[in-house]
Amino acid sequence: MKKVLFLSILSLALVSCNGENDGRIGRLFYENIALTLPTENSGANVLVGNGNKTAIQFSYQHPDEENVADDELIELFWIEIPATTTEFNISTGDDVSTSGIELFYVRSCFCYFEQPVTLLKKEVIGQKISANQWQISFDIIAELNGSEYPLKDSGTYVLSTFEN
């Protein structure tokens with residue numbers, strides 16, 4: 001049974017508790033996971049369920065705007081790879097579907113997206129550096145509803161658990 005990703009909601013709740021958010025980055029990966037896009041609102045969430053893949057998740061919770069109500073925005077970039085993969089290198093012209101790798105960009109906010117996300121640019125490099133760590137660098141540009149959203153990061157991702 002698949003559930004809508006609750007991590008972004010949990011992150012919002014935890015930040016709301018202390019009353020301040022100056023922007024936060026999360027770098028996690030999960031094993032024995034499967035990701036899919038919902039049939040509606042595909043730019044706003046990813047369905048996460050039990051599976052046989054590894055899913056790497058970058059999250060960026062944008063700083064709160066003091067004078068804007070309901071401005072909470074989290075950008076998520078997911079990389080789903082076969083469980084046996086230990087390194088990968090993806091460029092804009094690559095057809096990742098033949099390698100079993102999937103890329104998902106999500107904007108989680110109080111908004112609705114009717115169109116799917118298109119990745120205009122994708123430069124993604126990953127290497128497993130231990131049983132519980134990946135080193136990931138990426139530079140992407142996502143297009144959604146006619147707007148472009150660049151996202152770039154490099155860092156170490158740690159193993160986490162996903163409760164389904």
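Q: What share of the accessible surface of the protein belongs to carbon and sulfur atoms?
A: The model is predicted: local features need pLDDT of at least 70, side-chain atom pairs count only at pLDDT 80 or more, and totals for chains, interfaces and linings use all residues. Numbering starts from 1 along each chain as its sequence is written, and side-chain values use heavy atoms, without hydrogens and water. Accessible areas come from the Shrake-Rupley method with a 1.4 Å probe; for residues, only the protein chains shown count as cover. The total is about 8,900 Å², and the share of carbon and sulfur is 49%.

Q: How many aromatic pairs does the whole structure hold?
A: Rings of Phe, Tyr and Trp (its six-membered ring) pair if their centres lie within 6.5 Å. A search of the whole structure gives 5.

Q: Which kind of aromatic pair do F58 and F138 form?
A: Planes under 30 degrees apart count as stacked, over 60 as edge-to-face and the rest as tilted. Here the centres are 5.1 Å apart and the planes meet at 70°. The pair is edge-to-face.

Q: How far apart in sequence are the parts that this pair ties together?
A: F58 lies in strand β3 (residues 47-61) and F138 in strand β8 (residues 133-144). Strands are DSSP runs of E, at least two residues, numbered from the N terminus. So the pair spans a separation of 80 residues.

Q: Is W134 buried or exposed?
A: Buried means under 20% relative accessible area, exposed over 50%, partly exposed in between (1.4 Å probe, protein chains only). The value for W134 is 1%, so W134 is buried.

Notes:
Helix = DSSP H or I, 4+ residues; strand = E, 2+ residues; numbered from the N terminus.
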